[in-house]
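Please open the model in a viewer and keep the selection panel at hand. The tour below proceeds stop by stop, each beginning with a selection.

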Amino acid sequence: MRTPAPVLAPPAGTALLLPAEVSPDAATWHVPLPAGTPEVRIPAGRGPGDATTGGSGRPRGSGPAPLSPLPTSAPDGNGDGAATDPATENRLLEEELRVALARVDSLAADQRRLTHELAETNSGVLALYVQLEERDEQLRSAHGHILRELEDALRPPPIAVDGLDLAVHYAPAGTDAPTGGDFYDWFTLPDGTVHITVVDALGHGVRSTRSALNVTHAVRTLALEGHPLKSVVARTDEILAPLDPELMATVLLARIDPASGDLLLANGSHPPALVVRAAGGEEYLEVRGRGVGYPFPGSERLLHAKLDEGDLLVLYTDGLTESRRDPREGEQRLAESARRHRDRPVREIPGAIAEDMHTVILHSDDTLALAVRLTPRSR
């Protein structure tokens, strides 16, 4: 048999802080709250009959359950505690969507503005680079023009000699180095013969120009002093070796008597002279020797030849025949070109030959071509 649970009631004479009413089975106490106190609600899952509360609305063995204010209305999910209908919810969603779209439009506008500013900046930078490149090109052109004028001033123009027509063509290896080591000199000696010097100094640019000028000036001095032609190359090396120990240059010396057509040649490691005969045929006049700055410099001998009226003598540097890296093939092409142009005015021949030889350039170098034709004398 079950013994009925004892009825718990306040001890007699106990004064309660708040009057309370107890249910007949003493399972529920009702405590009236003062006026104005909000009604409380026991949290969900802790009401009567909950497994953890034993039907008392709080866990067994625990103190009084905490009470929380009871909202005046059920929450609607918006956090404002007010119930909303579907139309209101749609209106709120539409408003949020409008705000989001406005933000997207603002960001897109910012992106377009930044893209435009970047494009303008890039355009300005590109324009600046173009201006700098143009200015640099102008400076290079002006620099090259000044150097070319200076070099042209140092190169003697063709001399006027009764019985000889002379012409020359020179082209540097590149526009960035308008000067070079390919040089020449021609002048008339006191006995009426014409002396011609062709020099090819090692290297490019101003330094090689200075070396070539030193050679031509030394040769001119020795020739005017009457030194034998065969000894001039070796004597030039003796003079310049202490002044320019690094100087290396090939040299070709020619003496022509306009009256008789007698030709003398001395050579120091230079390509041979070419003669195109008016009667037909051509030949290379080769002399062995070593150039200025080379071991044992000097011409081994003098070559004696004779030019007849109308014969064409072509002197040149290796830049003319070695543009394809094969000097023998270049010499053959040179002979063919000189034969093809031999009847043209002499002033046109060196340039025409250079144009033929440089149709294909595999090895860029300074180019010098000099043409001499024996002509009838006026007296």
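**First stop: a bridge and its sheet**

Select Ala201 and Ala249: the latter, in β8, is the bridge partner of the former. This is a predicted model, in which local features need pLDDT of at least 70 and side-chain atom pairs count only at pLDDT 80 or more, while totals for chains, interfaces and linings use all residues. Residues are numbered from 1 along each chain as its sequence is written, and side-chain values use heavy atoms, with hydrogens and water left out.

Extend the selection to strand β7 (residues 194–204), which eight bridges join to β8 in an antiparallel arrangement. Helices (H or I, at least four residues) and strands (E, at least two) are DSSP runs, numbered from the N terminus; two strands pair if DSSP finds at least two bridges between them. The whole open sheet has five strands in the order β6-β7-β8-β9-β14, paired antiparallel. At its edges, β6 (180–188) and β14 (303–306) each pair on one side only. Neighbouring strands here are turned by 15° against each other on average, direction ignored.

**Second stop: helix α2**

Select α2 (205–224). This helix lies across β6, β7 and β8, running at about 20° to β6; axes are lines fitted to C-alpha atoms, for helices over the stretch in contact, and angles run from 0 to 180 degrees between N-to-C directions. At 1.5 Å a residue, the 20 residues of α2 should span 28 Å (1.5 Å times one less than the number of residues), and the end C-alpha atoms are 29 Å apart, which agrees. Among its buried residues are Leu213, Val215, Val219 and Leu222; buried means under 20% relative accessible area, exposed over 50%, partly exposed in between (1.4 Å probe, protein chains only). Gly226, with a positive phi near 90°, follows α2.

**Third stop: helix α3**

Select α3 (residues 232–240) and colour its buried residues: Val232, Val233, Thr236, Asp237 and Leu240. On which side of α3 do they lie? They are on the same side, because they cover an arc of only 140° around the axis, taken from the directions from the helix axis to the C-beta atoms. Their packing partners are α2, β8 (249–256), β9 (262–268), β12 (289–290) and β13 (298–299), where contact means heavy atoms within 4.5 Å.

**Fourth stop: two positive phi values**

Select Ser269, in the loop between β9 and β10. Its phi is near 65°, positive in a residue other than glycine, and Ser269 is partly exposed at 29% relative accessible area. Next select Phe296, in the loop between β12 and β13. Phe296 has a positive phi of about 50° although it is not a glycine, and is exposed, at 70%.

**Fifth stop: the other sheet**

Select the five strands of the open, antiparallel sheet ordered β5-β16-β15-β10-β11. The edge strands, each pairing on one side only, are β5 (164–171) and β11 (282–285). Within the sheet, β10 (residues 273–276) and β15 (residues 312–316) pair antiparallel over three bridges, and Leu274 stands opposite Val314 in β15. Add helix α5 (residues 327–341), which packs on the sheet and touches β10, β11 and β15. Helix α6 (residues 349–357) also packs there, touching β5, β15 and β16 (367–374).

**Last stop: confidence**

Colour by pLDDT, the predictor's confidence in each residue, from 0 to 100. The chain averages 81, and 74% of the residues score at least 70. Over residues 40–79 the pLDDT is below 50. Where pLDDT is low, the predicted coordinates should not be read in detail.
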